[in-house]
2 protein chains.
Amino acid sequence: MKQHKTPGVLGGMGPEATIDFMTCLLRLTPADADQDHLRLIIDHNPQVPDRHAAITGKEPSAGPVLAGMAAGLEHAGADFLVMTCNSAHAFQADIEQAISIPFLSMIDMVLQDLKDQHPEVKNVGVMAADGCLEAQLYQRALAAQGRHSIIWNDGERQQFMEAMYRIKSGLHDQPVRDSLLELGEHLRHRGAEVLIAGCTEIPLIIGPEDFTIPLLSSTAILVRHTMDYALGQRSLPPRQA
Amino acid sequence: MKQHKTPGVLGGMGPEATIDFMTCLLRLTPADADQDHLRLIIDHNPQVPDRHAAITGKEPSAGPVLAGMAAGLEHAGADFLVMTCNSAHAFQADIEQAISIPFLSMIDMVLQDLKDQHPEVKNVGVMAADGCLEAQLYQRALAAQGRHSIIWNDGERQQFMEAMYRIKSGLHDQPVRDSLLELGEHLRHRGAEVLIAGCTEIPLIIGPEDFTIPLLSSTAILVRHTMDYALGQRSLPPRQA
């Protein structure tokens with residue numbers, strides 16, 4: 001049995017994005033037998049209150065539910081936690097208060113890759129959902145690296161949310177794909193040199209091959225960093241007090 | 001938020017079969033938003049000791065690891081447990097000793113469907129792996145219903161295990177498919193009126209449409225029963241003492 005750290009996954013937001021995360025992790029692992037694969041403990045909870053409605057104050061905070069899930073994952077044996085939903089990172093503080101193991105932010109991982117791979121880029125297009133943008137998760141992190149965020153105007157934001165809810169309802173058809181491609185192109189025309197797929201539904205239907213500028217998939221980055229932390233190729237931050 | 005019971009899943013055996021279980025459950029659920037889907041808590045642990053080696057006494061029992069996973073899932077909030085590996089049901093007693101919530105056997109679910117859908121059938125072909133056959137999981141359950149099990153001869157058993165390990169290593173090619181189809185046909189020629197796909201790797205590459213006699217997929221049955229128990233359409237057995 002290979003010794004590694006066990007990731008706990010706050011998932012189910014949405015369910016298909018979490019399955020995509022697991023599938024990508026499986027494919028990335030060279031394995032001849034089950035035992036070569038990583039153990040994951042997953043709270044696959046699609047019933048977490050709607051993050052966008054919660055962040056914009058229309059519904060109760062998702063923080064307490066996420067905190068309860070995080071504590072359960074730590075109890076069940078997770079060594080560190082990750083979360084397969086960008087917007088839900090608005091509740092990171094609630095999660096961290098509930099646990100004594102590290103929570104590793106997907107937003108931070110994307111920014112780390114951006115720094116490593118595109119140090120020269122100034123203008124970054126952020127393809128993200130209402131809650132994620134409202135909470136300024138990427139905008140603040142990009143500003144801290146001295147970069148400029150290019151985000152949706154109101155019409156685009158509505159178009160993007162419609163596409164996300166169509167994907168979440170299982171529709172992966174050409175119109176949804178075209179809509180996302182068009183939206184990405186809008187950000188590029190407004191100056192984006194790199195795009196962040198900052199919603200884990202996006203890579204379910206489009207990928208880097210669909211654009212003439214680089215597209216960073218938050219799911220793919222989360223998969224790679226999670227594996228690195230689990231295998232000890234990246235060091236976990238110290239346990240919280 | 002829909003009220004339902006939360007299934008805990010002893011998974012990762014193998015990892016792809018667990019992802020298949022989650023995907024089938026997702027597709028079976030009519031949903032417009034994340035919140036319409038079931039919460040699952042999953043210990044996706046591919047590092048459980050090899051069930052076949054453990055059952056045949058070549059390696060230590062998988063029971064203690066499975067019992068620890070089960071206890072963790074109960075702690076994390078699961079209302080009942082299921083397991084996505086047929087052979088691992090040989091350790092059901094270890095699991096049940098570690099928990100106070102019900103463990104629902106996939107073997108029992110398959111036998112229930114067989115009783116409901118094929119009451120007249122006498123001869124049942126069991127496509128199952130070494131450990132599952134060695135532990136007589138299906139053979140005993142079928143005998144209790146007054147049915148006869150048709151299982152592999154030694155050469156077929158070896159051919160089947162080779163196919164399973166090929167699938168587990170990610171190979172889903174035509175030779176593996178042909179091998180499984182041939183093996184199923186052997187059981188039919190020896191009198192099987194119905195086949196049980198009693199290993200969760202089987203439905204990853206073949207399905208009922210591939211045979212002229214019915215094929216019961218243990219994964220598909222587990223998915224449907226899990227949903228029924230979660231939604232209260234089947235009643236959970238009373239909690240254990």
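# Domain contact, helix packing and backbone geometry

Domain 1 of chain A and domain 2 of chain A bury about 2,000 Å² between them, and carbon and sulfur atoms account for 58% of that area. On the domain 1 side, the residues that lose the most area to domain 2 of chain A are N86(A), S105(A) and I221(A), which together make up 32% of what that side buries. The model described here is predicted.

The division of chain A places residues 7-105 + 220-230 in domain 1 and residues 107-217 in domain 2. To the contact, domain 1 of chain A contributes 25 residues and domain 2 of chain A contributes 28 residues. Between the C-alpha centres of domain 1 of chain A and domain 2 of chain A the separation is 20 Å.

## Helix packing

Two packed helices are described by the angle between their axes and the distance between the axes. The following table gives these values for three helix pairs.

| Helix pair | Angle between axes | Distance between axes |
|---|---|---|
| α1(B) (residues 15-28) and α10(B) (residues 218-230) | about 55 degrees | 9 Å |
| α5(A) (residues 106-117) and α7(A) | about 40 degrees | 10 Å |
| α5(B) (residues 106-117) and α7(B) (residues 137-144) | about 40 degrees | 10 Å |

In chain B, helices α1(B) and α10(B) pack at about 55 degrees, so α1(B) is oblique to α10(B). The crossing in which α1(B) passes α10(B) is right-handed. From α1(B), the residues D20(B), F21(B), C24(B), L25(B) and L28(B) take part, and they meet T219(B), L222(B), V223(B), R224(B), T226(B) and M227(B) of α10(B). By class, the residues of the contact of α1(B) with α10(B) comprise 7 nonpolar, 2 polar and 2 charged.

In chain A, helix α5(A) crosses α7(A) in a right-handed sense. I107(A), V110(A), L111(A) and L114(A) form the α5(A) side of this contact, while L137(A), Y138(A), A141(A) and L142(A) form the α7(A) side. The contact of α5(A) with α7(A) has 8 nonpolar residues, with no polar and no charged residues.

In chain B, the crossing of α5(B) and α7(B) is right-handed. Here α5(B) supplies I107(B), V110(B), L111(B) and L114(B), and α7(B) supplies L137(B), Y138(B), A141(B) and L142(B). The contact of α5(B) with α7(B) consists of 8 nonpolar residues, and no polar and no charged residues are found in it.

## Backbone geometry

Most residues other than glycine have a negative phi, and most peptide bonds are trans. Three sites are described against that background.

In chain A, the peptide bond from M13(A) to G14(A) is cis, and its omega is near -10 degrees. G14(A) is placed in the loop between β1 (7-11) and α1 (15-28) of chain A.

In chain B, a cis peptide bond runs from M13(B) to G14(B), with omega near -10 degrees. The loop that holds G14(B) lies between β1 (7-11) and α1 of chain B. Helix α1(B), which follows in the description of this loop, is the helix that packs against α10(B) with the axes 9 Å apart.

The third site is Q136(A), a residue other than glycine with a positive phi, near 60 degrees. Q136(A) is located in the loop between α6 (130-134) and α7 (137-144) of chain A. Helix α7(A), one of the two elements that bound this loop, packs against α5(A) at an angle of about 40 degrees.

Key: Residues are numbered from 1 along each chain as its sequence is written. Chains are lettered from A and ligands numbered from 1 in the order in which they are written. This is a predicted model: local features need pLDDT of at least 70, side-chain atom pairs count only at pLDDT 80 or more; totals for chains, interfaces and linings use all residues. Side-chain values use heavy atoms; hydrogens and water are left out. Axes are lines fitted to C-alpha atoms, for helices over the stretch in contact, and angles run from 0 to 180 degrees between N-to-C directions. Helices (H or I, at least four residues) and strands (E, at least two) are DSSP runs, numbered from the N terminus. Angles under 35 degrees count as roughly parallel, over 145 as roughly antiparallel, 65 to 115 as roughly perpendicular and the rest as oblique. A crossing is left-handed if the near helix is turned anticlockwise from the far one by less than a right angle, and right-handed if clockwise. Contact means heavy atoms within 4.5 Å. Ala, Val, Leu, Ile, Met, Phe, Trp, Tyr, Cys and Pro count as nonpolar, Asp, Glu, Lys and Arg as charged, and the others, Gly among them, as polar. Domain bounds come from an automatic or database domain assignment. Buried area is the accessible area (1.4 Å probe) that two parts lose on being put together, summed over both.
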